[in-house]
Each structure stands twice: as C-alpha cells, then as structure tokens.
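Student: I should like to study this protein chain step by step. May we look at it together and reason from what is shown?

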Amino acid sequence: AQQNAGTPANASGAPAGAPAAGATPSRVVFIGTSLTAGLGLDPDSAYPALVERKADSAGTPITAVNAG
C-alpha cells in the first residue's frame, strides 16, 4: 500500500498510532472520589463511561474501569 509522504504507517498500513484491527482495547483505570465514581448517577453517565465513549468515537477504543 502506498502512503502519502509524511504520513507514517504501521505494519498493517493504517496510520501510525491507529489501533490494529482486532486489537484489545487499552484498559484505563479511573481512581478518585465519589465525583469520579459518579455517586448518585446512572453508571453510563459517570465520568469514566463518558471518556470511554469519547475515546471510542475518536477511534481509540478503551475499556474504562471505574474505581472512583
């Protein structure tokens, strides 16, 4: 596969820094207070879940672990 000059690629031809197809998402652990944990909120509305969705939509899948 031919790449544009100045656009580094990984071994699969994807842009450098892009996750490999089928790669296991990185695990990100959120440690903090009840604000981090989302006390009183639906778990899908807590900060770690919001960051996980934002990362996924940006093409960088993560698994957020809420240890707040």
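**Reading the predicted model**

Tutor: Let us begin with one residue of this predicted model. Glycine 59, which comes just after H2, has a positive phi of about 85°.

Student: In what order do the elements of the protein chain run from the N terminus on?

Tutor: The protein chain contains two helices and two strands. Read from the N terminus on, their order is β-α-α-β.

Student: What percentage of the residues of the protein chain count as buried?

Tutor: A residue counts as buried when its relative accessible area is under 20%. The accessible surface of the protein chain is about 5,000 Å², and carbon and sulfur atoms account for 57% of that surface. Of the 68 residues in the chain, the share that counts as buried is 13%.

Student: How wide an arc around the axis do the buried residues of H2 cover?

Tutor: Helix H2 spans residues 47-57, and its buried residues are Pro48, Ala49 and Ala55. They lie on the same side of H2, because the arc they cover around the axis is only 125°.

Student: Which exposed residues does the face of H2 turned away from its buried side carry?

Tutor: The buried residues of H2 are covered by parts that include strand S1 (26-30), helix H1 (34-37) and strand S2 (62-66). To count as exposed, a residue needs a relative accessible area over 50%. On the face turned away from the buried side of H2, the exposed residues are Lys54 and Ser57.

Student: Is threonine 36 buried or exposed?

Tutor: Threonine 36 has its place in helix H1. Leaving aside neighbours within four places in sequence, its contacts include Phe30, Tyr47 and Asn66. The relative accessible area of threonine 36 is 16%, and the cut-off for burial is under 20%, so this residue is buried.

Student: How many residues apart in sequence are the parts that the aromatic pair ties together?

Tutor: A search of the whole structure yields one aromatic pair. Its members are phenylalanine 30 and tyrosine 47, set edge-to-face at 5.6 Å centre to centre with 90° between the planes. Because phenylalanine 30 lies in strand S1 and tyrosine 47 in helix H2, the pair ties together parts whose separation in sequence is 17 residues.

Student: Does tyrosine 47 count as buried, partly exposed or exposed?

Tutor: Its partner, phenylalanine 30, has a relative accessibility of 12% and counts as buried. For tyrosine 47 the relative accessibility is 48%, which lies between the cut-offs of 20% and 50%, so tyrosine 47 counts as partly exposed.

Note on methods:
Residues are numbered from 1 along each chain as its sequence is written. This is a predicted model: local features need pLDDT of at least 70, side-chain atom pairs count only at pLDDT 80 or more; totals for chains, interfaces and linings use all residues. Side-chain values use heavy atoms; hydrogens and water are left out. Helices (H or I, at least four residues) and strands (E, at least two) are DSSP runs, numbered from the N terminus. Buried means under 20% relative accessible area, exposed over 50%, partly exposed in between (1.4 Å probe, protein chains only). Accessible areas come from the Shrake-Rupley method with a 1.4 Å probe; for residues, only the protein chains shown count as cover. The arc is that of the directions from the helix axis to the C-beta atoms. Contact means heavy atoms within 4.5 Å. Rings of Phe, Tyr and Trp (its six-membered ring) pair if their centres lie within 6.5 Å; planes under 30 degrees apart count as stacked, over 60 as edge-to-face and the rest as tilted.
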